[in-house]
Amino acid sequence: MAWALKLPLADEVIESGLVQDFDASLSGIGQELGAGAYSMSDVLALPIFKQEESSLPPDNENKILPFQYVLCAATSPAVKLHDETLTYLNQGQSYEIRMLDNRKLGELPEINGKLVKSIFRVVFHDRRLQYTEHQQLEGWRWNRPGDRILDIDIPMSVGIIDPRANPTQLNTVEFLWDPAKRTSVFIQVHCISTEFTMRKHGGEKGVPFRVQIDTFKENENGEYTEHLHSASCQIKVFKPKGADRKQKTDREKMEKRTPHEKEKYQPSYETTILTECSPWPEITYVNNSPSPGFNSSHSSFSLGEGNGSPNHQPEPPPPVTDNLLPTTTPQEAQQWLHRNRFSTFTRLFTNFSGADLLKLTRDDVIQICGPADGIRLFNALKGRMVRPRLTIYVCQESLQLREQQQQQQKHEDGDSNVYHAIYLEELTAVELTEKIAQLFSISPCQISQIYKQGPTGIHVLISDEMIQNFQEEACFILDTMKAETNDSYHIILK
């Protein structure tokens, strides 16, 4: 039986209007999809997806940070959307960083009228170089004796109090400042990005650095150890005027791109805003112990006792992470992840205790975090040292080098037969020269050439390729031969 329902006139009008509205809503669907207006983020914003995320900790993206740091240098226009900004700096040029108090009314009242401490660092952005940071900085120290990686331009800075630079921390400076007053610090970066790249055929691509700022407040004992805020940005450092040329080149490349391609890149901003990050893990440096006052003319560095003395065998650099214990609580595990620069994965491991994390296999961690971060996290969990690529043992036969060291300790009888370990990472002749110079507390420039004694006593010049073919734990006796130039020697490996 066919059912027929006759609506009153008013209902007919309402039904007609609803049909028209429905047709109109459908008419734009194809156009919107074709115009690219459809966004997956809109779908993820639906209640059914939000409900699944309710168990995760809330995002801090909209959180107002207590401080904001602004580097007064333009960002590169050749950075893709959603990638971190990149800023080019000139070597030795002074750049302003504005320290802004961004607190809301009533936030952190305990620092009102008090000073806070900020520690500036220039560190490596690439994880590969982070693993060998100790060796990289020591090599730079030998190539640039008396120089610092990071300095403060004190005459141009405003509002900074008691600036300090530790002579053993070439890449670190610190100072006190009052958040209620205008504060601007001018920094100078003296290393360039290509100083840490493998020398091949010229035109090497420089490595990126990070400028990181960690700010601390005073505790009950008057020590600046309570962390308040950390932020960083990515930079590359060029020889004088090089940053300006690189910025111009990037801008010209972008101008040649089509409008569609330009949409995939960020615009260039006149200033660089440092983004929030985890505090630097080397918390042992953050203390109130007296450190040398800042010296705008670079303070010289003298290698003291320890690895530089021939009586002491150089040791590998200390681990960059602290060991995680099975008894570690989930809260302590979260702090461990932050300290060791795994903040990206804290949400994934929210309820994991130390025992839970230690039970993860290498494949588990790689599957969760990806290959690069997974291997790094697995090594950190197991407390593994980063092994050098090559270890050789050397013994000094001649006393000629030691006669040039006025402050060197005298060897006891029988010391001439003692071997010292040299750990190589880059496997280059330059690195071997630096390590031998470091071992005997001399400048690398005092070593003119390094030779290997070959068949029939011939002297073969050491090359990168020859070092790459050295056997692991090979033993050599070092002999020295006076070079033609004064105060320099040839080293012969026998």
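Strands are taken here as DSSP runs of at least two residues in state E, and helices as runs of at least four residues in H or I, both numbered from the N terminus. On this basis, in what is a predicted model, Leu108 falls in the loop between β3 (95-101) and β4. Leu108 adopts a positive phi of about 50°, although it is not a glycine. Most residues other than glycine have a negative phi. A further non-glycine residue with a positive phi is His82, for which the value is about 70°, and His82 is placed in the loop between β1 (67-71) and β2. With a relative accessible area of 83%, His82 is exposed.

The strand that follows this loop, β2 (residues 86-90), is mostly covered, five of its five residues being buried. The side chains are divided between the two faces of β2, with Leu86, Tyr88 and Asn90 pointing one way and Thr87 and Leu89 the other way, and all of these residues are buried. Pairing of β2 with strand β10 (residues 224-238) is parallel and extends over five bridges. Within this pair of strands, Leu89 stands opposite Val237 of β10.

Internal space was examined next. Rolling a probe the size of a water molecule over the atoms shows where empty space is left. In the whole structure, the search returns three cavities of 30 Å³ or more, of which the second largest has a volume of about 50 Å³. The lining of the second largest cavity is made up of Val122, Val123, Phe124, Glu133, Leu137, Ile149, Asn171, Cys191, Phe196 and Phe209. When these residues are sorted by class, eight are nonpolar, one is polar and one is charged. At least two lining residues come from each of β4 (116-124) and α6 (133-143), and β4 makes the greatest contribution to the lining of the second largest cavity, with three residues.

Strand β8 (residues 183-189) contains Phe186, which counts as buried because its relative accessibility is 13%, below the 20% limit applied to buried residues. Phe186 and Ile154 are separated by 32 residues in sequence, yet their C-alpha atoms are 7.3 Å apart in space.

Farther along the chain, six strands form an open sheet of mixed pairing in the order β14-β13-β17-β18-β15-β16. The edges of this sheet are occupied by β14 and β16 (459-461), each of which has a single partner strand, so that one side of each is left without a neighbour in the sheet. From one strand to the next, the twist averages 40°. At the β14 edge, strand β13 (residues 390-396) runs antiparallel to β14 and is joined to β14 by five bridges, with Leu390 having Leu424 of β14 as its bridge partner.

The loop between β14 (420-424) and α14 (429-439) holds Thr428. Thr428 has a relative accessibility of 13% and therefore counts as buried. A polar atom of the Thr428 side chain lies 3.1 Å from the backbone nitrogen of Glu431.

Terms used. Residues are numbered from 1 along each chain as its sequence is written. This is a predicted model: local features need pLDDT of at least 70, side-chain atom pairs count only at pLDDT 80 or more; totals for chains, interfaces and linings use all residues. Side-chain values use heavy atoms; hydrogens and water are left out. On a 1 Å grid over the protein atoms alone, a cavity is a set of points where a 1.4 Å probe fits but cannot get out, and a pocket is an open set with protein on both sides within 12 Å along at least five of seven lines; lining residues have an atom within 4 Å of a point. Grid points are joined across faces, edges and corners, and a volume is the space filled by probe spheres set on the points. Ala, Val, Leu, Ile, Met, Phe, Trp, Tyr, Cys and Pro count as nonpolar, Asp, Glu, Lys and Arg as charged, and the others, Gly among them, as polar. Buried means under 20% relative accessible area, exposed over 50%, partly exposed in between (1.4 Å probe, protein chains only). A polar contact is a pair of N or O atoms within 3.5 Å; within protein, one must be able to donate a hydrogen and the other to accept it, and residues adjacent in sequence count only if both atoms are side-chain atoms. Two strands pair if DSSP finds at least two bridges between them. Axes are lines fitted to C-alpha atoms, for helices over the stretch in contact, and angles run from 0 to 180 degrees between N-to-C directions.
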